[in-house]
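Okay, I'll keep this short. Have a look at the model first, and then I'll walk you through one helix, the core and a pocket.

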Amino acid sequence: MSTLQRHGRSLEELFFHKHNRALVDQLHRDDTKQQKSRQLAEATGITDKALLDQLVSLNNDQTTIVAFGLIPLIEIAWADLTMQTEERDALLHVADQQGIARDSVAWKVFSQWLQKRPPRELLHAWKTYIRALCEHLGPDQRGELRDKLLGRARSVAEAAGGFLGFGSKMSDAEEKKLADL
């Protein structure tokens with residue numbers, strides 16, 4: 001084998017090695033995206049694959065989605081300026097459902113929100129984030145995201161409502177906050 005052939009063979013092997021490495025890297029990226037998508041589905045209850053893929057492609061992960069998903073719930077619970085025991089229990093239930101580990105930073109922040117109402121800037125930041133996110137989603141995807149978030153917020157609002165099981169499950173302040181969200 002001539003020197004030229006040996007160099008040609010080396011170049012060919014290097015090319016295919018790099019090409020194979022790129023394919024393996026792409027497989028890892030695809031697996032990571034699928035894993036993130038599954039985690040988001042489990043944490044949020046969102047089933048629309050296109051919406052999940054879109055959220056992942058925008059660098060949202062389970063932590064981001066869980067955190068922004070709690071903000072409207074916290075806002076509803078504090079709408080009448082007090083966090084009632086039933087609302088707190090409903091929020092704890094949601095946090096457990098979404099897999100927020102009790103030793104995580106997210107849990108510590110969430111626990112503080114249960115004790116003291118977060119600053120108004122947090123809701124403003126959440127709304128800004130949601131508006132920006134929605135620019136990248138189709139109408140059906142926006143609808144599913146809205147329905148999931150507002151459905152959970154409504155369940156928190158209704159957790160402590162009514163008197164002896166009668167009357168409105170939501171206070172006027174909670175209804176206004178829900179409409180605002």
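**Around Phe110**

Let's start with Phe110: skipping neighbours within four places in sequence, it's in contact (heavy atoms within 4.5 Å) with Leu70, Ile74, Leu91, Leu92 and Ala95. Quick housekeeping: this is a predicted model, where local features need pLDDT of at least 70, side-chain atom pairs count only at pLDDT 80 or more, and totals for chains, interfaces and linings use all residues. Residues are numbered from 1 along each chain as its sequence is written, and side-chain values use heavy atoms, with hydrogens and water left out.

Phe110 sits in H5, helices being DSSP runs of H or I, at least four residues, numbered from the N terminus. Buried there are Trp107, Phe110, Trp113 and Leu114, where buried means under 20% relative accessible area and exposed over 50%, with a 1.4 Å probe and protein chains only. They're on the same side of H5 because they cover an arc of only 120° around the axis, taken from the directions from the axis to the C-beta atoms. On the face turned away, you get exposed Val105, Lys108, Gln112 and Gln115.

Now the largest nonpolar core (buried Ala, Val, Leu, Ile, Met, Phe, Trp, Tyr and Cys joined through side-chain atoms within 4.5 Å): 38 residues, with Leu91 and Phe110 having the most contacts inside it. H3 gives the largest share, 6 residues.

And what supplies the largest share of the lining of the largest pocket? That's H7, with 6 residues; a pocket here is an open set of points on a 1 Å grid over the protein atoms alone, where a 1.4 Å probe fits, with protein on both sides within 12 Å along at least five of seven lines, and lining residues have an atom within 4 Å of a point.

Notes:
Helix = DSSP H or I, 4+ residues; strand = E, 2+ residues; numbered from the N terminus.
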